[in-house]
Amino acid sequence: MKSLAVDFEINPEEKLFEESVIKDECVYADLSSKFKFRTRDFSRQYAHIYTKRLLQMKDIITKRAKQKWGDELKIRRLAELQDDSNSRCVVIGTLYKDQELKPSILKEISEEFQLVPQKKMVRFVSDTDKVILEDELQRIVLIGIDASTVVTGTVCAVLGVEDASGKFNVESICFPGPQAPSPFILLPKNSNKYALLLSGLDLATSSDTLLSLQLLIQWLSGWLGSEQETTSFVLIAGGLLRSTSEDLEGKIVGTSIDSSSDITTALQLADELFAELSETMNVELMPGQFDPTNYLLPQQPVNLRVFPKAMANKTFNGGTNPHKFQVENVLFTGSSGEPITDIGRYSKMEDPLDALEATFHWGHLAPTAPDTLGCYPYYDEDPFVLEEQPDVFFSSNHSSFNSKIIEFNHGDVVQKTALVCIPSFSKTKTAVLVNLSTLECSPIGCET
Amino acid sequence: MNNKRRGNPSYGVKGKIARNDEEAASTFESTLASLPDNDEDYPDRDVLECLGEGPDIQTTSIKWSRPPPPVLDSSRDGLIFQQLEIDHYAGTAIKGMPGSQVSPVPIIRMYGVTMDGNSVCCHVHGFTPYFYILAPEGFSERSLSEFKEKLNKVMLEDLKSNPEKVEEAVVMVEMVKKQSIFGYFGDNLLNFIKIYVAIPKLIATAKRLIEKNVLPYFSGDATQAFEANIDFDIRFMADCKITGCNWIELLPGSYTLRTASGFCSTRCQIEVDVPYNKLISHQPEGEWSKVAPFRILSFDLECAGRKGIFPEPNHDPVIQIANMVVRQGEHEPFIRNIFTLKSCAPILGSQVISFEKEEDMLEKWAEFVREVDPDLFTGYNINNFDFPYLINRANHLKCRNFVFLGRIKNIKSIIKDHVIQSKQMGRRENKSINFEGRTCFDLLLVLLRDYKLRSYTLNAVSFHFLQEQKEDVHHSIITDLQNGDAQSRRRLAVYCLKDAYLPIKLLDKLMSIINYMEMARVTGVSLTSLLTKGQQIKVMSQLLRKSLESGYLLPTHKVVDAQDQFEGATVIEPIKGYYQDPIATLDFSSLYPSIMMAHNLCYSTLINQSVINKLGLTPDQYSATPANCYFVKSSMRKGLLPQILESLISARKKAKKELANETDPFRKKVLDGRQLALKISANSVYGFTGAQVGKLPCLEISGSVTAYGRTMIERTKQEVEQHYCIKNGYKCDSLVIYGDTDSVMVKFGVKTLQEAMDLGKEAAENISAKFIAPIKLEFEKVYWPYLLINKKRYAGLYYTRVDKYDKMDCKGLETVRRDNCPLVANMMNTCLQKMLIDKDPEGAISYAKQQISDLLCNRLDISQLVITKELAKTDYAGKQAHVELANKMKKRDAGSAPKLGDRVPYVIISGAKATPAYMKAEDPIYVLENNIPIDTKYYLENQLSKPLTRIFSPLLGDKADSTLLHGEHTRTKSIITSKVGALAAFTKKKEVCLGCKTVLPESEQKNPLCHHCTPKYSTILISEFNKYRDLEEKFNRLWTQCQRCQGSLHEEVICTSRDCPIFYMRKKVQMDLNTQDNTVLRFGCPTW
């Protein structure tokens, strides 16, 4: 096995935030500083994150709405509608979807409901779902919009007329999309470099994963030997120990991470694996919903002290979830799948790739947070707003691989993005190889 | 609303769940916005003009006013309306009308609405008040005129002050042949003197004077007055066959129109005069069971209180009044507006009318009320808070025209105190305010009357019936919001509008108005008296009508002190236990009414031994009851009460049949309301005869009814046990394990539901045949399993079908008691659920032990331990926990401290030994913030112990107490150190190892673990993270729930509803998270 020398030293304190590692011509930078906590304060409420989200997206959506519908249409606040109804106008606000089936902690803890256990459900969509638009001050019910295609928390502009019943009849809808193109858009892409994306190793629950994983590593190192094409970056995007929320009987299991001895064994396995991998390449570990770190998004990097061997290698790095980083001149952004799965539960976008594409156009990594997806009560910003268009936009821990390349027009520049759903490795024995020049994603099967 | 009294102290919500076909709470604002539009012309705010007799209606908005009235020609057009309110006044006699021509004469006013929605006031003339006196021996027709003169003379002398200027007190006297309803004395009629007097209140005067024997005709105690205690309105309605809320028709030519002549005394659109004998009253059947589109105004006010003081109308301004007006039969209000003091940002779907001066706002609101001309007022606690407050405030600000809220131009609305005493509701002090022609239908009073709830706050009630939570804004915040800007006032306005909207939704959901109207129609009394009076008036009204038909007179009962109590319903001594076999229940349907009918029990059939002897009755002509009373059989004379009951029960059957055939949902509601009203009315007849302070008690009847009931229960037990036994070829010997009032619980010994149901049905039929019709034993349900704790205390899983249970039925258990903490109810529920639904008594025991252990180890959520009491007055005789706490809190912060009328939530904290419990009450939020230890022993011994041992005694017997309350699981306790208090100052915090809790040496304070635990680094890290993650998830779910409930994403949650189970949890989770965050951080910065 080829051993790669690390020919420089980094100051660990700098590594906390952003860093640049040049190693064997592999450029890597962790750009996730906005997802990392300095301090945490839970005396805040969730109103602020919504307010900031709307504020951060207001300019861009105003711009996009004008691009789409022309300059002459009036953009109004809901409070102004009443003065002058029946005229076509644009309203900007946050969507709220009123769903009867949405689980409610209130119902669960109220005494009367204890008699009849609430039905455990996986999807909460019904025909009676209503879409409501809320601007800074008021709400209005939207009609003429398919409730199953949007989710709570999305910021959008709607064009339409307030009808006689006080509802807003939507003619057309406009989403902000990413705010700006990738900063690396003009830099050249390296033609023979690849990145490997993995998720859902399920080391604690799945016994046959390990063999396939060994196979993958062998294949990787063998392939590495060839001179033209190299893979020098591996992302493990969540689900290290357990990636599903269902136990054997299909019941939803709570937030807890199993702390039995299996876990300790699994962690040791993982440690050895990472130690081996990080000998030869950059290894990035993102936590997933059930990995040993906090629960609310953004999840903080897993404490590397549980990987005593691997942590010795500087090439082994813990990332946040969601994550944003640079490999070569390619900007990666994505999550371990929670936002996408959550959208699937509350809308008809069951195909993760559709939901992933939707979040891209909505310009937001996790719109359903905090309503149905836990996130930290941010006070001064919404870090999940998609500020820079990624080159690779990923979501992991899905049941199958899927990918496509889309283009987005920023007005002055058009940028390509590869959308990729990374499958759960334990279920599919498949990893994803990304060509860092064409952004093409291909599945690598390692069935034993 | 927070700054006012909202029902009784309590927390949590309890009861069965309404079907969830309602809008979720989160969308109130959008709901509001999407309501049908009011394309109103906004009224301009004119300067008020003032008329001598109170202001006229000003039409300022087409939307507000009623539709214009038709142009009537009284000679050609008839007038048909549904009357809703009836009152009377002393007025001038009008020529051509029947009755006395000498003023003053009583004139009856009927207010109502036509099918087109026009308001009508109908002055009815010529109906004269009267009563009867049993004619003394030797009194004849010839004595009449002399008698009249003498009576008139003494009465006029007696009228010292004579405000009505009565000139002729006795209008007329006549002799009639009638008989008293009380007792059977054969069919001979007796002579009665019927005395007509000028105005209703003179009846009492005349009766008093006659009884004092001031007239020569009467002597001794023999004088007996009849029907002298009947309200004039009821008298009029009974005589003219008018029932509550029925339709009245005036034929062309029978009435004169006032509207044309300009002498209108009311604000109604159509005002007419009519002689009483020309009224056509339609019985509420067929076409005439329809309902007019009357207008219901629901409103709510906010006032800006001062810190820590219950708002007083002499100091604290009214800042907002939200109004919703709905037409009966429609679901959504067609007028929605809010009157605000100072500017308020616009609200979609409702009109905002802002004022700079409070006086203008109040005057304008009163104008609005007069213009809308509602038939019914509703709201939450408007009767005892909103209306009195508005009126007092308006008087304080000298708003001259405000108080003219009724329909009579020159009558002001005045607040009076009013005490109502009834068995159903106990003693209640209410305010009563007159709004001539309008009914005040306060939803809170309706709920207090008709529903037994754990909490009566609007919040709890809406959650209970509509599954809708509403925000509860603390009163200290209300003033801040008002003092903010147009946006903050808008926020308050949305909240206020919701409080006005919810009563309308609730009334619609509960069909209260329809049900009350049907009750009024069935029993013949007006809507108002149903709300303001007890049960008796309903029976009295029916009895009066029936005796009028049959020629009986009701004696005027003199209220005497309670006599001996008769024996109540018996129960068959329960054989306590936990039954795992199906227990069939046999019920007598409408037991008491059927007994009265079967045995012809009535006032008019009551006899005694001397009558039997005198009339020579043979035993086949009368029956002796088990209470040793005698009644003649129906072959001799059919009793009135049985007749009333028969008509009620057959009317109920008819209504049920119509209900089954009806397809229109609104008509269905009406019919369902009717059958319910009929059922309640039938059952209240028995109570009427037993009410010793009532209008006409007759213990012979009520005593006989219960005695019959007892024997029937005993008999049923005998029959069942004799017939269903091994001897007669059945599988097992049956056993009646319990019997109560009208039902018996039978253990047939069979193991399956099907067998139990078959035997139950068979037994019901067999035994019914042995009783006199219409008494009928019915098989209704099987309990399986069944937990029989004691008399009137049991629980079971209720089956009416074999495949699935209907519900868990609990009687007499601490699941709805208001003075317990939620822990008790929750534990009881879960234990019962485990015992009954899971059929796992062992599980129930271990659950109870686990909970007790959690309690002792401080692992329970604090909201489970909160006890709530209303601060009704500050000068309680004994020391009370919540009063002491309120005082304590006032010292800490007068602004947020509870005020008079608020509900004070508290927990009991541990204190020094022998500290009385009232000293140990503490504010739950304070407890959370300062980590104060709870007095777990208090909760175990004073709250949990009794109810728990009770439900477990059938399982564990005498050991229940020792097993549950003193077992192994009670040994471990954890003690928290408070952040406040004497000791806190001396403790120094030292870090301990997260693994084994040993104190870390000085040099290792920064490490999370000690040397021994370091190898288990990962495991301990994961377990600490698990705690953290649970808290994080909870934090997220709780706070997003509050956002949904308040209906806004962009605004901070300001709700402080302590009824809501989330309130304490969300506070606790914030504190716990910050603590756990520090713990997790000890593992070091996550990346390295």
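Val161(A) and Asn169(A) make a handy starting point in this predicted model: Val161(A) sits across from Asn169(A), which belongs to strand S8 of chain A. The two strands involved are S7(A) and S8(A), with S8(A) covering residues 168-174, and they run antiparallel with six bridges between them. Together S7(A) and S8(A) make a hairpin, with five residues linking one strand to the other. In that turn you'll find Gly166(A), whose phi is positive at about 85°.

S7(A) also has a partner in strand S4 of chain A, residues 89-98. That pairing is antiparallel too, and it has six bridges. Here Ile92(A) faces Ala157(A) of S7(A). How much of S7(A), residues 155-162, is buried? Seven of its eight residues are, so the strand is mostly covered.

What holds paired strands together in general? Strands of a sheet pair through backbone hydrogen bonds, in either a parallel or an antiparallel way.

Further along chain A comes Cys446(A), in the segment that follows strand S19 (441-445). Cys446(A) has a relative accessible area of 5%, so it counts as buried. Which residues does Cys446(A) touch, once those up to four places away in sequence are set aside? They are Ser212(A), Leu215(A), Leu216(A), Phe425(A) and Lys429(A). There's a long jump in sequence here as well: Leu211(A) and Cys446(A) are 235 residues apart along the chain, yet their C-alpha atoms are separated by 9.2 Å.

Here is how the two chains look overall.

| Chain | Residues | Helices | Strands | Buried residues | Share of contacts (separation 6 or more) made by residues 24 or more positions apart |
|---|---|---|---|---|---|
| Chain A | 448 residues | 10 helices | 19 strands | 59% | 75% |
| Chain B | 1088 residues | 28 helices | 34 strands | 60% | 72% |

Now for the sheets of chain B. One is an open sheet of seven strands with mixed pairing, in the order S9-S10-S3-S2-S1-S8-S11. At its edges are S9(B), residues 256-257, and S11(B), residues 280-282, each with pairing on one side only. Inside the sheet, S1(B) (residues 79-91) and S8(B) (residues 247-250) run antiparallel and are joined by four bridges. One place to look is Phe81(B), whose bridge partner in S8(B) is Ile248(B). Helix H4 of chain B, residues 232-239, packs on this sheet. H4(B) touches S1(B), S2(B) (105-113) and S3(B) (119-125), and its direction makes about 140° with that of S1(B).

A second open sheet in chain B has five strands, ordered S7-S4-S6-S5-S20, again with mixed pairing. Which strands lie at its edges? They are S7(B), residues 225-226, and S20(B), residues 552-553, and each pairs on one side only. Eight bridges connect S5(B), residues 170-180, with S6(B), residues 190-197, and the two run antiparallel. Within that pair, Val170(B) is opposite Val197(B) of S6(B). This sheet has a helix packed on it as well: H2(B), residues 144-158, touches S5(B) and S6(B). The direction of H2(B) makes about 120° with that of S5(B).

Chain B also has a helix pair to look at. H14(B), residues 536-550, packs against H17(B), residues 640-661, with axes 10 Å apart and an angle of about 115°. H14(B) and H17(B) are therefore roughly perpendicular to each other, and their crossing is right-handed. Which residues make the contact? From H14(B) come Gln542(B), Leu543(B), Lys546(B), Ser547(B) and Ser550(B). H17(B) brings Leu640(B), Leu641(B), Gln643(B), Ile644(B) and Leu648(B). By type, the residues of this contact are five nonpolar, four polar and one charged.

Last stop: Thr1079(B), in helix H28 of chain B, residues 1062-1081. Is Thr1079(B) buried or exposed? Its relative accessibility is 15%, and the cut-off for buried is under 20%, so Thr1079(B) counts as buried. Apart from its neighbours within four places in sequence, Thr1079(B) is in contact with Leu994(B) and Glu1024(B).

Definitions and conventions: Residues are numbered from 1 along each chain as its sequence is written. Chains are lettered from A and ligands numbered from 1 in the order in which they are written. This is a predicted model: local features need pLDDT of at least 70, side-chain atom pairs count only at pLDDT 80 or more; totals for chains, interfaces and linings use all residues. Side-chain values use heavy atoms; hydrogens and water are left out. Axes are lines fitted to C-alpha atoms, for helices over the stretch in contact, and angles run from 0 to 180 degrees between N-to-C directions. Angles under 35 degrees count as roughly parallel, over 145 as roughly antiparallel, 65 to 115 as roughly perpendicular and the rest as oblique. A crossing is left-handed if the near helix is turned anticlockwise from the far one by less than a right angle, and right-handed if clockwise. Contact means heavy atoms within 4.5 Å. Ala, Val, Leu, Ile, Met, Phe, Trp, Tyr, Cys and Pro count as nonpolar, Asp, Glu, Lys and Arg as charged, and the others, Gly among them, as polar. Two strands pair if DSSP finds at least two bridges between them. Buried means under 20% relative accessible area, exposed over 50%, partly exposed in between (1.4 Å probe, protein chains only).
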